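Q: I have a structure open and want to go through its strands and cysteines. Can you take my questions as they come?

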Amino acid sequence: SITISLPSSRKCCSNSNLTNSYLVTPGDVITEDTDYMRGHGTYSIEGGEGDKLHSSVAGVVERINKLICVRALKTRFTGEVGDIVVGRVKEVQQKRWKVETNSRLDSILQLSSVNLPGGELRRRSATDELNMREYLNEGDLISAEVQQVNSDGILSLHTRSLRYGKLSQGCCVVVSPSLIKRRKNHIHNLPCGASIILANNGFVWIHPSRSECDKDADGGFLISNEAINYDEREIICRLRNCVKCLAHRNVILFDTSVLYAYEASLPYKVSVVM
């Protein structure tokens, strides 16, 4: 048998409920109070219902003083200054690289915003511009930090810290950016023997742990092509499956949740944890 429910109008949420976050769908009335200001993800109808504030997207209602906005549950990455991102180089242009970072527009990495091999500090010359493909080429996966958000929405990245640079010998998992919990640190060395980058743009990079001396020596450009042993590959695969399971259940991803999921999966084989 099939159960069909007839459509019914939802009750308008009271002003007391605006202090708590709750879910809304497009067209829902958020409030009828005229004291609140309209923010992103909301609209008002001119005419008879001009006093009512409606939701234009499906998401969570957030209130900042008198400003009401709706944060969409699934959307493209909207970067902020200081966000950690993992992206793939799409094109090498004059004195800059175009990077795909799961945002509405491609991000930009300037030649002056990267560390030279070996961490050398000097002005970029014409020789450096000719050798740009030796630093980063099309298809390379990199980790970077958002330096600036331009007026047109394009993100300007930088890799001046030795924590950032070219990525290799690992596994990349793409999840929704809304599942990544904003923390002070998004790069973690897990006690299981692997490291994980929970980037704000929804790209999760898992790779074997490296010593700090190796990171400082290469300047973020040289990659190691040494074979990874079976135990490290199994740890990476198990962490990858745990991240996919948590994302499938819409669980917020941060170092503690991933580590708890990894420890809970140890009694099972890697192929079973899916």
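A: The turns below cover two groups of strands, a helix and the cysteines.

Q: What kind of model is this?
A: This is a predicted model.

Q: Okay, the four-stranded sheet. What order do the strands come in?
A: The order is β14-β17-β16-β15. The sheet is open, and its strands pair in the antiparallel sense.

Q: Which ones are the edge strands?
A: β14, residues 171-174, and β15, residues 187-189. Each of these pairs on one side only.

Q: How much are neighbouring strands turned against each other?
A: By 15° on average, with direction ignored.

Q: How many bridges between β16 and β17?
A: Five, in an antiparallel pairing. β16 covers residues 194-198 and β17 covers residues 203-208.

Q: What is the bridge partner of serine 195?
A: Histidine 207, in β17.

Q: Which helix packs on that sheet, and which strands does it touch?
A: Helix α4, residues 230-248, packs there. Helix α4 touches β14, β16 and β17, and its direction makes about 160° with that of β17.

Q: Switching to cysteines. How many disulfides are there?
A: Zero, from a search of the whole structure.

Q: Why no bond for cysteine 237?
A: The closest cysteine sulfur, in cysteine 171, is 6.9 Å from the sulfur of cysteine 237, so the two are too far apart for a bond. The cut-off for a disulfide is 2.5 Å between the sulfur atoms.

Q: And why none for cysteine 242?
A: Because the closest cysteine sulfur, in cysteine 245, is 6.5 Å away from that of cysteine 242, which is too far.

Q: Are those two, cysteine 237 and cysteine 242, buried or exposed?
A: Cysteine 237 is partly exposed, with a relative accessible area of 39%. Cysteine 242 is buried, at 3%.

Q: Back to strands. How do β6 and β7 pair?
A: In the antiparallel sense, over six bridges. β6 is residues 59-64, and β7 is residues 67-72.

Q: Which residue is the bridge partner of valine 61?
A: Valine 70, in β7.

Q: What is in the turn between β6 and β7?
A: The two strands form a hairpin with two residues between them. Asparagine 65 is in the turn and has a positive phi of about 55°.

Q: What about β3 and β7, parallel or antiparallel?
A: Parallel, with two bridges joining them. β3 is residues 37-38.

Q: Which residue stands opposite arginine 38?
A: Isoleucine 68, in β7.

Q: And in general, what do strands of a sheet pair through?
A: Backbone hydrogen bonds, in either the parallel or the antiparallel sense.

Key
Residues are numbered from 1 along each chain as its sequence is written. This is a predicted model: local features need pLDDT of at least 70, side-chain atom pairs count only at pLDDT 80 or more; totals for chains, interfaces and linings use all residues. Side-chain values use heavy atoms; hydrogens and water are left out. Two strands pair if DSSP finds at least two bridges between them. Axes are lines fitted to C-alpha atoms, for helices over the stretch in contact, and angles run from 0 to 180 degrees between N-to-C directions. Contact means heavy atoms within 4.5 Å. Buried means under 20% relative accessible area, exposed over 50%, partly exposed in between (1.4 Å probe, protein chains only).
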